[in-house]
Amino acid sequence: MIDTASDGLEALQLIRMHKPDIVLTDIKMPFCDGIELIKQTRSLKLQTKFIILSGYDDFEYAKKAIQYEVSSYLLKPIVRAELLSEITRIQKQLLTFYQGKDMETFKQRQIQEGTTAMQENFMNRLLQSRHSEYKEIENQLNQLHIPLEMAPLNVILFSYRLPDSKDGEAFSQDDYYLFIFAIKNIIYELCPKPNTYVFSYSGNYIAVIYNMVYQGRPLFPSPDNFCKICINTIYEFCHIHIQAGIGQEVCSPEYAYVSSRAALNALAYGLYLPQQMIFDSSHYCPDIPFAPRAMDAKINTLRLADSILAEKADEIQDYLNQFFNNLFYIPEPPPSYIRGMCIYLIMDTQKNLRPYAPEHRELFQEDPYHIINHMSCLDEIREWIQALFLRYAQELSQYGTFKKMTRNTPFLRLLLPLGMPLIAY
């Protein structure tokens, strides 16, 4: 025996890792039942043999088991001799199989394993920009067996943010993969199957792309309702909050990138409404006034740097209050503008503070672009920036930086640009 698993997702992880010859599985398991475990294993093109142990003498389960080529379906309570007999029988089948397979079979399996990766790569490029002409896209869809027609379609993007740990232990890369698999699998199962494709998209998104009409009827009569069902089901099984952005209808896959951008723009407004789960074009207006530039917004980071150097927490707080108030030139500015200005504030402040700690560059190693773009709401961004600047104030004071002198002190204005060292007494 190689290993054991307590639920279906853990079992799938172990199967991917060990590629076992034989797996004994129950039907009813948390997160991923036995039938789904077998289905996902088959999608990995593994030749694993499955023995199902079930307390359900159910014809529907038996039918599905046959569909996925299950080797044995044993009813509980299990008779030890019967189980050993089945394992021995399957072992003989495997020996015959391995003795008879040739290199051509191996090559064919490798090609099949690459199909899913090729499909997702093509679909990611399709949603990111208009990279191909109509006929080329049609040929790619047919060659990769992607179930979409060259007809009107829409895109829904589900945004997820996985927890950092489980039961106090940091997640491994495999843990993240299992969560993403669970989210994608649930969405796939809830989707209408014809003319729909579900895949991982550009970072922390699961994309659903679907034709608007199938056999003369709307495929998704209510995208809002579909999103609600997905969000509630994912929370029930995975305890993860996700948000959905609904794109706009476009005339064909050639313009799928327009729909995905609309979904992304809608999702971005979760910055202001973190408790809301579903967003569409009604949450933003494309004809908003032009956002002011950094200089027009009256951002003076020299004053902020002075407050940090003097360890004046109240002044830092007052500056940030004024900064965020000035950003709202309309009630809900474009979220990209808010994030961009916050990144600018941090980077410019870091630039102004570096001369005061020339031997402690590690103090400013944060990557504000990455951190702020992965934060989900405005309050989270604001609290992080305030904590960052207060930490700068505390740590700079430990490096012997002047507390009573700032950049407004005349001779400091002269010395700092020349790179002359500062000595505190």
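## Exercises on a predicted fold

**Exercise 1.** Work out which residues of helix 2 meet helix 7, and how the two helices cross.

*Solution.* Start with the residues that touch: Glu36, Lys39 and Gln40 of helix 2 meet Phe181, Asn185, Tyr188 and Glu189 of helix 7. Bear in mind that this is a predicted model. Next, take the geometry: helix 2 (residues 34-43) packs on helix 7 at an angle of about 105 degrees, and the axes are 13 Å apart. Angles of 65 to 115 degrees count as roughly perpendicular, so helix 2 is roughly perpendicular to helix 7.

**Exercise 2.** Lay out the sheet that contains strand 7, then find the helices that pack on it.

*Solution.* First get the order: five strands run 7-8-4-11-12 in an open sheet with mixed pairing. The edges are strand 7 (196-201) and strand 12 (278-279), each of which pairs on one side only. Now zoom in on one edge. Strand 7 pairs with strand 8 (residues 205-211) in the antiparallel sense, over six bridges. Within this part of the sheet, Val198 sits opposite Val208 of strand 8.

Then add the helices. Helix 7 (residues 173-190) packs on the sheet and touches strand 4 (153-160), strand 7 and strand 8. The direction of helix 7 makes about 165 degrees with that of strand 7. Helix 8 (residues 223-238) packs on the sheet too, touching strand 4, strand 8, strand 11 (242-246) and strand 12. For helix 8, the angle of about 165 degrees is taken with the direction of strand 11.

**Exercise 3.** Sort the side chains of strand 1 by face, and find its pairing with strand 2.

*Solution.* Walk along strand 1 (residues 22-26) and you'll see the side chains alternate. Val23 and Thr25 point to one face and are buried, while Ile22, Leu24 and Asp26 point to the other and are not. For the pairing, look across to strand 2 (residues 49-54): the two strands run in the parallel sense over five bridges. Leu24 has Ile51 of strand 2 as its bridge partner.

Ile51 also leads to another strand, since it is listed among the contacts of Ser72 beyond that residue's neighbours within four places in sequence, along with Phe50, Ile52, Glu86, Arg89 and Ile90. Ser72 belongs to strand 3 (residues 72-75). With a relative accessible area of 6%, Ser72 is buried.

**Exercise 4.** Explain why Cys191 has no disulfide to Cys230.

*Solution.* Recall the chemistry: a disulfide is a covalent bond between the sulfur atoms of two cysteines. The cut-off here is a pair of sulfurs within 2.5 Å. The closest cysteine sulfur to that of Cys191 belongs to Cys230, and at 6.0 Å it is too far for a bond. That fits the search of the whole structure, which turns up zero disulfides. As for exposure, Cys191 is buried at 5% relative accessibility, and Cys377 also counts as buried, at 16%.

**Exercise 5.** Decide how enclosed helix 10 is, and name the helices its buried residues pack against.

*Solution.* Count first: seven of the nine residues of helix 10 (residues 301-309) are buried, so the helix is largely enclosed by the rest of the structure. Those buried residues are Thr301, Leu304, Ala305, Asp306, Ser307, Ile308 and Leu309. They pack against helix 11 (313-327), helix 12 (335-353) and helix 14 (378-398). For the protein as a whole, buried residues make up 43% of the 425 residues.

Conventions: Residues are numbered from 1 along each chain as its sequence is written. This is a predicted model: local features need pLDDT of at least 70, side-chain atom pairs count only at pLDDT 80 or more; totals for chains, interfaces and linings use all residues. Side-chain values use heavy atoms; hydrogens and water are left out. Helices (H or I, at least four residues) and strands (E, at least two) are DSSP runs, numbered from the N terminus. Buried means under 20% relative accessible area, exposed over 50%, partly exposed in between (1.4 Å probe, protein chains only). Contact means heavy atoms within 4.5 Å. Two strands pair if DSSP finds at least two bridges between them. Axes are lines fitted to C-alpha atoms, for helices over the stretch in contact, and angles run from 0 to 180 degrees between N-to-C directions. Angles under 35 degrees count as roughly parallel, over 145 as roughly antiparallel, 65 to 115 as roughly perpendicular and the rest as oblique.
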